[in-house]
Amino acid sequence: MSEQTQGTEQAPTSGEHAAENGEHATEAGLHIEKWEGIWLRIALVMTLVFIGAITLAALSFGISVPGATARINPATLNDEGSPFATPGIRELAPGKYEVYMVAQTWNFLPDRLEFPAGSEVTFYLTARDVVHGLKIAGTNVNMMALPGQVSTLKATFDTPGTFNYICHEYCGYVAGAPIGHHTMYGQITVLPAEGAAETAQATTE
Ligand code: CUA
């Protein structure tokens with residue numbers, strides 16, 4: 001078998017190079033330089049570490065990419081029966097909420113949210129007009145708001161404080177008007193668990 005390989009490899013070329021290649025092939029198989037081998041091993045180990053880190057993050061820390069749970073016609077967001085007709089918070093169980101949020105030029109509905117600390121919140125996000133983004137500072141929530149798609153992501157708010165959320169996809173601007181992408185933001189207030197209002201609240205200014 002190896003002699004055949006040597007023969008075919010030598011066929012297209014002639015001279016010393018072909019003969020050397022043939023010898024390498026028969027003596028040691030594929031020849032890998034020492035440092036090339038070391039870097040190959042490092043790259044392999046790093047790849048395994050990264051895969052491990054992603055798996056750990058997904059399973060242990062709940063960090064995940066947003067999912068596309070459903071499709072929705074942007075023109076029907078306000079229709080009867082649409083969960084986006086009344087954007088805001090729904091309480092599923094004590095400490096468990098879901099938020100239906102609409103991103104539109106140039107605000108979020110709702111743009112003020114309030115939860116007691118420890119709340120587990122699932123966000124359902126869609127856009128009414130153009131592509132927007134939702135990034136909640138200090139959390140793992142970072143997703144795009146796409147017209148026609150409902151994106152979802154879960155976050156747990158353990159630390160009391162205020163967390164701004166911003167649109168991070170450039171969504172336009174009107175010259176001379178006090179409106180535009182850079183004004184599109186909202187705020188989440190996480191209240192200390194003790195003495196906090198029993199239920200979460202959402203408002204739109
Ligand atoms: Cu919405 Cu930028």
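The side chains of Lys 96 and Glu 120 pair up in a salt bridge, at 3.7 Å from N to O; the term is used here for a side-chain nitrogen of Lys or Arg within 4 Å of a carboxyl oxygen of Asp or Glu. This pair links distant parts of the chain, since Lys 96 sits in strand 3 and Glu 120 in strand 6, 24 residues apart. Helices (H or I, at least four residues) and strands (E, at least two) are DSSP runs, numbered from the N terminus. The model is a predicted one, in which local features need pLDDT of at least 70 and side-chain atom pairs count only at pLDDT 80 or more, while totals for chains, interfaces and linings use all residues. Residues are numbered from 1 along each chain as its sequence is written, and side-chain values use heavy atoms, with hydrogens and water left out.

Glu 120 has another partner: its side chain also meets that of Lys 154 in a salt bridge, at 3.8 Å from N to O. Lys 154 lies in strand 9 and Glu 120 in strand 6, so this pair ties together parts that are 34 residues apart in sequence. Shared partners join Lys 96, Glu 120 and Lys 154 into one network, and the structure holds two salt bridges. Lys 96 is partly exposed, at 40% relative accessible area, and so are Glu 120, at 25%, and Lys 154, at 46%. On this scale buried means under 20% relative accessible area and exposed over 50%, with partly exposed in between (1.4 Å probe, protein chains only).

Glu 98, also a strand 3 residue, is another story. Glu 98 is buried yet has no salt bridge, and the nearest side chain of opposite charge, Arg 90, is 5.2 Å away. For charges, Lys and Arg count as positive and Asp and Glu as negative, while His and the chain ends are not counted. Beyond residues up to four places away in sequence, Glu 98 touches Gly 88, Ile 89, Arg 90, Leu 92, Thr 122 and Tyr 124, where a contact means heavy atoms within 4.5 Å.

As for the interior, the largest nonpolar core has 30 residues, and Phe 115, Phe 123 and Ile 188 have the most contacts inside it. Such a core is a set of buried Ala, Val, Leu, Ile, Met, Phe, Trp, Tyr and Cys residues joined through side-chain atoms within 4.5 Å. Among the elements giving two or more residues to this core are strand 3 (96-104), strand 6 (119-127), strand 9 (149-157) and strand 11 (185-191). Phe 123 has a long contact list, including Val 99, Met 101, Leu 113, Ile 136, Met 143, Leu 153, Phe 157 and Ile 188. Apart from the largest core lies another, of eight residues, among them Phe 84, Val 102, Tyr 124 and Val 150.

Thr 69, in strand 1 (residues 67-71), is partly exposed at 45% relative accessibility. Leaving aside neighbours within four places in sequence, Thr 69 is in contact with Tyr 124, Val 150 and Thr 152.

On the outside, Trp 35, Trp 39, Ile 42, Val 45, Met 46, Val 49 and Phe 50 make a nonpolar surface patch of about 760 Å². Patches are made of residues with over 30% relative accessible area and no salt bridge, with like charges joined within 9 Å and nonpolar side chains (Val, Leu, Ile, Met, Phe, Trp, Tyr) within 5 Å. Phe 50 belongs to helix 3 (residues 34-60). Overall, the protein has three helices and twelve strands, and 31% of its 205 residues count as buried.

Terms used:
Accessible areas come from the Shrake-Rupley method with a 1.4 Å probe; for residues, only the protein chains shown count as cover.
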